[in-house]
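Let's take a friendly look at one protein model together. Have the viewer ready as you read.

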Amino acid sequence: MKRLVILGGGYGGLKALLGLLDYQLPEEVEITLVDRNPYHSIKTEFYTIAAGTSAEKDVRLHFPDDQRVRYFYGEIKEIDTVKEEILFSNSSEIIPYDYLVIGLGCEDNYHGIQGAKEFTHSVQTFEKARNTGLAVCNLKAYGKVSVVGAGLSGIEVASEIRESRPDLNIRLLDRGASVLKAFDAKIQQYVSEWFIRNDVDVLHHSNVEYVEKDGVCNNGVCFVNDVTIWTAGVRPHYLVRELPFAKDEQEKIVVNDFFQIPERTNIYVVGDCASSEYSPSAQLAGQQGEKIAEVLLAVLSDKEPKKPKEIKLKGTLGSLGKSDGFGNMMQKPMTGLLPRLAKSGVLWLNKRH
């Protein structure tokens with residue numbers, strides 16, 4: 001048997017699986033997908049769970065029902081690349097592999113800031129987004145929410161909470177001189193004006209020194225608040241950071257043109273765990289997963305794989321509540337209802353697929 005194990009049913013792992021299932025596989029191939037949850041989580045929509053504007057069923061999908069795939073749900077304890085097996089913290093089962101796809105995603109990067117891990121909420125996993133939503137939705141009128149980080153996640157979290165709870169006091173702590181520093185100046189200006197119109201207090205040049213249970217200390221000023229949400233950066237899953245392979249400055253594993261670890265070419269890395277010239281995104285992970293499937297189809301059939309074509313991203317879309325948004329469309333910065341409708345359309349297409 002050729003045992004293929006896919007760790008993580010996120011965008012990269014799922015696309016790799018779907019790419020394989022689209023074809024007739026050799027009979028001796030055995031596929032196992034491992035995830036902590038019995039469903040695919042639509043992580044790009046976790047901000048709606050945090051704001052209480054979507055039901056949980058709207059941001060999860062069933063995995064493919066296919067007899068060629070075995071699913072195992074559990075918390076991974078160790079990836080043993082010497083014995084080539086996966087161990088679990090909640091089960092005595094050990095899953096061996098001949099080929100491995102690592103798509104475990106990312107977790108919050110707290111940058112060593114005291115109290116950040118202990119006293120902030122997150123949108124990095126379904127469970128954490130759910131807990132964030134409970135904390136926000138349980139706030140009484142005029143409660144105070146601080147969102148740390150003004151990248152795409154922070155913007156969507158803050159704007160969605162504002163639309164959901166107009167009674168709350170919302171503060172967004174931005175490390176830079178403008179929100180969304182990776183986007184076009186037109187988009188930055190539009191989003192900044194949206195926050196002004198919707199009474200969200202944005203603090204630029206922020207420098208969070210420490211976090212307490214009921215507040216955030218920023219540039220020597222301590223703000224008392226009820227809920228603090230951390231969206232100030234991510235890093236690869238800790239199990240990936242522990243692997244004994246070369247990594248880049250962001251602790252992502254260096255891979256070759258076939259998304260393989262050069263010294264272990266039977267191991268593939270996808271998404272937030274793989275070193276790339278592009279910023280992390282669901283779109284990037286999905287395209288990588290599709291290309292890994294192409295390589296594996298050849299390898300599992302004992303053929304020489306062709307070098308995958310270049311990644312070509314189609315732009316990034318973001319929301320400002322349910323009827324406003326921004327993004328790069330057709331290589332042009334767009335704002336307003338059109339990019340928001342486009343984002344909803346992309347989500348619909350992904351669910352349908």
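The questions and answers below concern a predicted model and deal with its salt bridges and its empty spaces.

Q: How far apart in sequence are the parts that Glu290 and Lys15 tie together?
A: The closest N and O atoms of Glu290 and Lys15 are 3.7 Å apart, and the two form a salt bridge. Glu290 sits in helix α8 (residues 282–300) and Lys15 in helix α1 (residues 11–21), so the pair joins parts of the chain separated by 275 residues.

Q: Are Lys343 and Glu156 buried or exposed?
A: These two side chains form a salt bridge, with their closest N and O atoms 2.5 Å apart. Lys343 belongs to helix α9 (residues 337–352) and Glu156 to helix α5 (residues 152–164), 187 residues apart. Burial here means a relative accessible area under 20%. By that cut-off, both Lys343 and Glu156 are buried.

Q: Why does Asp98 count as partly exposed?
A: Asp98 meets Arg3 in a salt bridge of 3.1 Å, N to O. Partly exposed covers the range between the 20% and 50% limits. Asp98 falls in that range because its relative accessible area is 23%.

Q: What is the volume of the largest cavity?
A: Searching the whole structure turns up one cavity of 30 Å³ or more. Its lining includes Lys252, Asp272 and Tyr278, and the lining residues divide into five nonpolar, four polar and two charged. The volume of this largest cavity is about 30 Å³.

Conventions:
Residues numbered from 1 in each chain as written. Predicted model: local features only at pLDDT ≥ 70, side-chain atom pairs only at ≥ 80, totals over all residues. Heavy atoms only, no water. 1 Å grid on protein atoms, 1.4 Å probe; cavity = no way out; pocket = protein on both sides within 12 Å on 5 of 7 lines; lining within 4 Å. Points joined across faces, edges and corners; volume = space filled by probe spheres on them. Nonpolar A, V, L, I, M, F, W, Y, C, P; charged D, E, K, R; others polar. Salt bridge = Lys/Arg side-chain N within 4 Å of Asp/Glu carboxyl O. Buried < 20%, exposed > 50% of the residue type's maximum accessible area, 1.4 Å probe, protein only. Helix = DSSP H or I, 4+ residues; strand = E, 2+ residues; numbered from the N terminus.
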